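User: Can you walk me through some helix packing and one loop residue in this model?

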Amino acid sequence: MLDRRDLLKLGAASGALALVEGCAPRPQESERSDATIGAPRTFELEEWTVRDLQKAMGDGRLTAQTIVATYRDRIDSIDQEGAELGAVLTLNPDAGRIAAELDSERKGGYLRGPLHGIPVLLKDNIDTADRMPTTAGSLALAGTIALADSTVARKLREAGAVILGKSNLSEWANFRSERSSSGWSGVGGQTRNPYALDRNPCGSSSGSGVAVAANLCAVAVGTETDGSVVCPSNANGIVGVKPTVGRVGRTGIVPISMSQDTAGPMARTVRDAAVLLTAMAGRDTTDSATAGVPAPIDFASGLDSGALRGARLGVWRERFGFHEKVDGVLESSLAALREAGAELIDPIEMPSFEDLGRHEYEVLLYEFKDGLAKYLATRGDDTAVRTLADVIEFNLEHREAEMRYFEQERFDKAEAKGPHSEPDYRKALAECRRLSRTEGIDRVVARHRLDAIVAPSGGPAWVTDLVNGDHFGGGSSQAAAVSGYPNVTVPAGFIFGLPVGLSFFGSAWSEARLLGLAYAFEQATKVRRPPRLLPTVELS
């Protein structure tokens, strides 16, 4: 089997593939280590925000073309070579041309908005109708091109963003095996955490999280069913937004669950995430979940560093306790929230999540089988697989390449499910909504008059283990994921140099309020610092 770099070289030679580049914060000299692997001493766009890039293009110091070229050099130096992060699967061979066209528009006095000329990386389960494949990380889709842009890709192009390329992911968004390694795909291999290269980036939006953290792009888009934006954002020390299901159109995204899937922004700052969400959000005529989406809003315009004053925040203590050092970071975060003027209702109580997890899994198995067949029907004649059964068979026929580390138990369980009319599916879906909404977030928010619920986003990254699979410590993504409600995670602290985050989540369509609270917390704490590409953690 060709390895990832062979695939990229072949793609570059044929003009069908290309690499994306990005910007990350510059470590202080005192933070650098002789053990740092393959990191350039300086990177001129390190930790630059969308606003920084716009200012530089506006005063003529930079162009969209030079930004694209600079990011590509960055990817060459630490993603493909050097540290070999493995975050980027495919580079857009047309990115330079698109950037030049956007530069011409700028010279002519036409700006599409705050993303005009800004490079964005998309998770490789989001369709683009160009010369980049959409693979979901699976060799069954390798080299195949979508016939139409996803709604997300279309909106970003309209907003003036340059789609630089596609990021690696946990194959099939981590819904193939119960013993998988997050960040591994048959197409891309294993993505590495830039804070400690032997650690896992979490998934399934692994490449998007790593690329943003390591400054391989300005911002990126991930997708989440349960934790796939929140967890890699937590593990890679960035901001992640899981919107309300229906806030962002899902047409052209490889699905797991029609009741839980959504795309979401991943960025180094809350403001950049808000800018990206503004461009992504809105009605999608072919996604019924967006029928009730509120009127368009500029999520960045209302950000206020004083937003925590008077805010009522419920502390979900049940999600604490899985790691004493995480508890320590979170206690410091709670103190910062109080200092900024928030009123903490501590603790709040939520329903048992053991039952919720069982019902959620049943729903996902049913919805994956049905949704995947509908999605594959939209692909062109170059796509050989049309059903989940076809994908299962492909993997068996290509066992050495696709199943050398783990199997496809979830695929087998999903294939055994029937249609959505079956009572087992309808009962499980009803229980999910009752436990996560009616008796969960909705009840707690109303009872305590909360602006948001806060909880640990997750623990420090575990050592990547291709033999046994992932070693999740804990987290809080499930409530917002199953309910379909919004969740924002922000860097909160470090444990042996590994980042951990704080989550703000709440009722449906409350993204603006959550972003405001997260922004105020970010400004009060300023926790984020860039990775140093260390081979392992410094336990001292």
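Analyst: Here is a short run through two helix pairs and a loop residue. It is a predicted model, so local features need pLDDT of at least 70, side-chain atom pairs count only at pLDDT 80 or more, and totals for chains, interfaces and linings use all residues. Residues are numbered from 1 along each chain as its sequence is written, and side-chain values use heavy atoms, with hydrogens and water left out.

User: At what angle do H3 and H4 cross?

Analyst: Roughly 150 degrees, with the axes of H3 (residues 64–80) and H4 (residues 95–107) coming within 7 Å. H3 and H4 are therefore roughly antiparallel (over 145 degrees).

User: Which residues make that contact between H3 and H4?

Analyst: Ala-64, Gln-65, Val-68 and Arg-72 of H3 meet Ala-95, Gly-96, Ala-99, Ala-100 and Asp-103 of H4. Contact means heavy atoms within 4.5 Å.

User: What about H11 and H15, what angle there?

Analyst: About 135 degrees between H11 (residues 353–376) and H15 (residues 423–448), with axes 8 Å apart. That makes H11 oblique to H15 (neither under 35, nor over 145, nor 65 to 115 degrees).

User: Switching topic. Where is Thr-134?

Analyst: Thr-134 lies in the loop between strand S2 (119–123) and helix H5 (151–158).

User: Is Thr-134 buried or exposed?

Analyst: Thr-134 is buried (under 20% relative accessible area), at 0%.

User: What does Thr-134 touch, leaving aside neighbours within four places in sequence?

Analyst: Its contacts include Asp-124, Asn-125, Lys-166, Tyr-375 and Arg-379. Ala-146 is among them too. Thr-134 and Ala-146 are 12 residues apart in sequence and 6.5 Å apart in space, C-alpha to C-alpha.

Key. Axes are lines fitted to C-alpha atoms, for helices over the stretch in contact, and angles run from 0 to 180 degrees between N-to-C directions. Helices (H or I, at least four residues) and strands (E, at least two) are DSSP runs, numbered from the N terminus. Buried means under 20% relative accessible area, exposed over 50%, partly exposed in between (1.4 Å probe, protein chains only).
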